[in-house]
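Okay, thanks for coming, everyone. I've got one structure for you today, so let's put it up and walk through it together.

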Amino acid sequence: MASSSLRSSWTPQQNKLFERALAQFDKDTPDRWQNVARAVGGGKSAEEVKRHYEILLEDLRRIESGHVPFPTYTNNANNGVGANEEHRLLRYMNLH
């Protein structure tokens, strides 16, 4: 049953539409996956968006269980904030 549509890529825009659709069509919504697929567009099927959701849940489980390490940032990161500065800002935010 593994069709090529289940392995198709998702654009950042489709992922954003997917997230919004999940917020709009909760688990109690009739025909949830058809509605999400329609909201995402791009020819995504109900089966494909449901599988994308299952993958998202598995990713979240792995993150929450500690199986995905936090990235290590260096002082010459592209965002202009070094690791020490980021750590200081996070500590500051926790105090307020």
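I'll go through how the helices pack and then turn to the aromatic rings. One caveat up front: this is a predicted model.

Let's begin with α1, which covers residues 12-24, and α2, residues 32-40. Their axes sit 8 Å apart, and the angle between them is about 145°. As for handedness, α1 and α2 cross in the right-handed sense.

So who's touching whom there? On the α1 side you've got Gln14, Leu17, Phe18, Ala21 and Leu22. Facing them from α2 are Arg32, Trp33, Val36, Ala39 and Val40. If you sort the residues in that contact by class, eight are nonpolar, one is polar and one is charged.

Now swing over to the other pair, α2 with α3, where α3 is residues 46-64. The axes here come within 8 Å, and the crossing angle is roughly 95°. Anything from 65 to 115 degrees counts as roughly perpendicular, so that's what we call α2 relative to α3.

The α2 residues in this contact are Arg32, Trp33, Gln34, Val36, Ala37 and Val40. From α3 you get Ala46, Val49, Lys50 and Tyr53. The class split for α2 with α3 is seven nonpolar, one polar and two charged.

If you compare the two lists, Trp33 turns up in the contact with α1, and Trp33 is also there in the contact with α3. Keep an eye on that one.

On to the rings. How many aromatic pairs does the structure hold? Two.

One is Trp10 with Phe18, an edge-to-face pair, with 5.4 Å between centres and 70° between the planes. Are these two buried or exposed? Trp10 has 15% relative accessibility, so it counts as buried. Phe18 is at 2%, and that's buried too.

The other pair is Trp33 with Tyr53, and this one is tilted: the centres are 5.1 Å apart and the planes make 45°. What does this pair tie together? Trp33 is in α2 and Tyr53 is in α3, so the pair links parts that lie 20 residues apart in sequence.

Accessibility splits these two, by the way. The cut-off for buried is under 20%, so Trp33, at 17%, counts as buried. Tyr53 comes out at 22%, so that one goes down as partly exposed.

That's my tour. Happy to spin the model around if anyone wants another look.

Technical notes:
Residues are numbered from 1 along each chain as its sequence is written. This is a predicted model: local features need pLDDT of at least 70, side-chain atom pairs count only at pLDDT 80 or more; totals for chains, interfaces and linings use all residues. Side-chain values use heavy atoms; hydrogens and water are left out. Axes are lines fitted to C-alpha atoms, for helices over the stretch in contact, and angles run from 0 to 180 degrees between N-to-C directions. Helices (H or I, at least four residues) and strands (E, at least two) are DSSP runs, numbered from the N terminus. A crossing is left-handed if the near helix is turned anticlockwise from the far one by less than a right angle, and right-handed if clockwise. Contact means heavy atoms within 4.5 Å. Ala, Val, Leu, Ile, Met, Phe, Trp, Tyr, Cys and Pro count as nonpolar, Asp, Glu, Lys and Arg as charged, and the others, Gly among them, as polar. Angles under 35 degrees count as roughly parallel, over 145 as roughly antiparallel, 65 to 115 as roughly perpendicular and the rest as oblique. Rings of Phe, Tyr and Trp (its six-membered ring) pair if their centres lie within 6.5 Å; planes under 30 degrees apart count as stacked, over 60 as edge-to-face and the rest as tilted. Buried means under 20% relative accessible area, exposed over 50%, partly exposed in between (1.4 Å probe, protein chains only).
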